[in-house]
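Here are some exercises to work through with the model open beside you. Try each task before you read its solution.

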Amino acid sequence: MTVIELRPPDAETLAGFIDLRRAVHHHDWPDRVEPNWEVERRRVLYPSPGEVELVEVLFEDGRVIAATTVGLTTEDNLHHANCDLLVHPDFRRRGHGTRLLLRLVEKVRAQGRTQMTLWAPEAIEGGAWRSPAARAFLEKHGFTLALPVMFQTASVESMDPQTEEDLYLSAVNASGDYELISWTGSTPEEFLAPLAELDSMSLTQTPLGELELEDEKVDANRRRANEAVMAKHGLDVCRTIAVHRQSRELVANTVFVVYPEPSVHAYQGITIVTPRHRGHKLGMAVKIANVRQLRQKFPHVSIMCTENARANVHMNAINQQFGYSPTECVNEYLLKVN
Ligand SMILES: CC(C)(COP(=O)(O)OP(=O)(O)OC[C@H]1O[C@@H](n2cnc3c(N)ncnc32)[C@H](O)[C@@H]1OP(=O)(O)O)[C@@H](O)C(=O)NCCC(=O)NCCS
């Protein structure tokens, strides 16, 4: 048994790591939307700007049977580490998870970080079965539930067309002082800096439970570099913003990250309206405009998925109108390292 750090571009170890993730996916949550494995491979090869991911794999008889990842941000949240831990289904309850977790904690500490998160799935009523292993494992090792998160999916066609049109017209009427602008791919130059500013206030506008996190520090350069890396990953972006007509201020944003074929899904990222401009149905207006753009420009996409804090009642109410329904919880667990 050996543990090594995956150093891209070590293609063989990287393939072993992706095979491990695939095996865990098919064993533990076969009903879940299948990740695009080529995108996942490229994500390891090409890190996003302002982020570092350290991957460690455990080999037995020449095969990758367990792994950990540590995600570190380098511009903000320097106290935090976002981690993952996977053990191949055929090699569980042999102490591998515990062995790798102890190394992980040391690694997080060595990076000067003082809190780390790992996640655990939880079945919801009427949803598919989920193993209690991760939760039991994390609680045994002193982690506490910090943020209950719901994973939700919807068909792109799940809203009845007449209801959608009525909601859209009512939202557009209520937001007459604002212009909706949609695009795919790179952000037009004029919106780069304002969008970076909006990104820099987004994280703490959503419920974070017991997680102590600060806003990200994003500027126009990081935003542009991030888009270039997403293109390298094979991902596309489908975005709608709202601009206040009089001041030209960018006040709302919603985005889908679109996976390439053979995937059939798009991931709904942040939807945000700045506090001063709430109450004009802008959240609904940008979301409907963006779903319409998604259908038109990405006909291979049939499923939208998203994750929301269980406590995010306003967003969950809007999502329900789009036909989203929770399929499971993907809860965040926290350990203070010092
Ligand atoms: C969670 C996971 C990493 C545990 O790996 P593992 O190698 O089986 O863990 P260990 O053998 O070190 O188990 C340590 C303890 O965790 C608890 N535990 C692990 N699996 C459990 C299960 N199925 N039911 C109840 N408790 C469990 C037990 O207390 C166990 O100690 P014991 O075997 O002496 O009773 C593994 O099940 C896994 O990869 N699951 C899928 C991926 C996942 O959910 N990852 C989320 C991040 S934690």
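**Exercise 1: two prolines and an aspartate**

Pro262 is found in the loop between strand 10 (250-258) and strand 11 (265-273). Keep in mind that this is a predicted model.

Task: find which residue is joined to Pro262 by a cis peptide bond, then look at Pro9 and Asp61 in the same spirit.

Solution. Start with Pro262: its cis partner is Glu261, and omega is about 10 degrees. Next, go to the loop between strand 1 and helix 1, where Pro9 lies. The bond from Pro8 to Pro9 is cis too, with omega near 5 degrees. Then turn to Asp61, which sits in the loop between strand 2 and strand 3. Asp61 is not a glycine, yet its phi is positive, about 50 degrees. Why pick these out? Because most residues other than glycine have a negative phi, and most peptide bonds are trans.

**Exercise 2: following the strands**

Task: trace how strand 1 (residues 2-5), strand 2 (residues 51-60) and strand 3 (residues 63-73) pair up, then do the same for strand 7.

Solution. Take strand 1 to begin with: 4 bridges tie it to strand 2, and the two run antiparallel. To find the register, use Thr2, whose bridge partner in strand 2 is Phe59. Now move across to strand 3, which is joined to strand 2 by 10 bridges, again antiparallel. Here Val57 faces Ala67 of strand 3. Strand 2 and strand 3 form a hairpin with 2 residues between the strands, and that's where Asp61 turns up with its positive phi.

For strand 7 (residues 149-155), check strand 12 (residues 303-309): 7 bridges, antiparallel. Thr153 is opposite Cys305 there. Then check strand 13 (residues 325-336), which has 4 bridges to strand 7 and also runs antiparallel. In this pairing, Phe151 is opposite Glu328.

**Exercise 3: around the ligand**

Task: work out which helix gives the most to the shell around the ligand, and what kinds of residue the shell holds.

Solution. First list the elements that supply at least two residues each: helix 1 (11-28), strand 4 (80-87), helix 3 (96-110), strand 5 (115-122) and helix 4 (133-140). Helix 4 comes out on top, with 6 residues. Now sort the shell by type: 14 nonpolar, 5 polar and 6 charged. Last, pick the nearest of the 25 residues around the ligand: Arg92, Gly97, Thr98, Ala133 and Ala136.

**Exercise 4: domains and overall form**

Task: describe how domain 1 touches domain 2, then decide whether the radius of gyration agrees or disagrees with that of a compact globule.

Solution. Begin with the bounds: domain 1 covers 2-113 and domain 2 covers 153-329. Their C-alpha centres are 29 Å apart. The contact draws on 14 residues from domain 1 and 20 residues from domain 2. On the domain 1 side, helix 2 (residues 37-45) gives the most, with 4 residues. That side divides into 4 nonpolar, 5 polar and 5 charged residues.

Compare this with the record: an unreviewed UniProt entry lists residues 4-162 as "domain: N-acetyltransferase". That span is 33% helix and 31% strand, and its end C-alpha atoms are 56 Å apart.

Now zoom out. The protein has 9 helices and 13 strands, and its C-alpha atoms fill a box of roughly 65 × 40 × 35 Å along the principal axes. For 338 residues, a compact globule would have a radius of gyration near 20 Å; the protein has 21 Å, so the two agree.

Note on methods
Residues numbered from 1 in each chain as written. Predicted model: local features only at pLDDT ≥ 70, side-chain atom pairs only at ≥ 80, totals over all residues. Near = placed C-beta within 6 Å. Nonpolar A, V, L, I, M, F, W, Y, C, P; charged D, E, K, R; others polar. Domains from an automatic or database assignment. Contact = placed C-beta atoms within 7 Å. UniProt positions renumbered as here; feature names shortened; annotations may be inferred. Pairing = 2+ DSSP bridges. Rg over C-alpha atoms; globule rule 2.2 N^0.38 Å.
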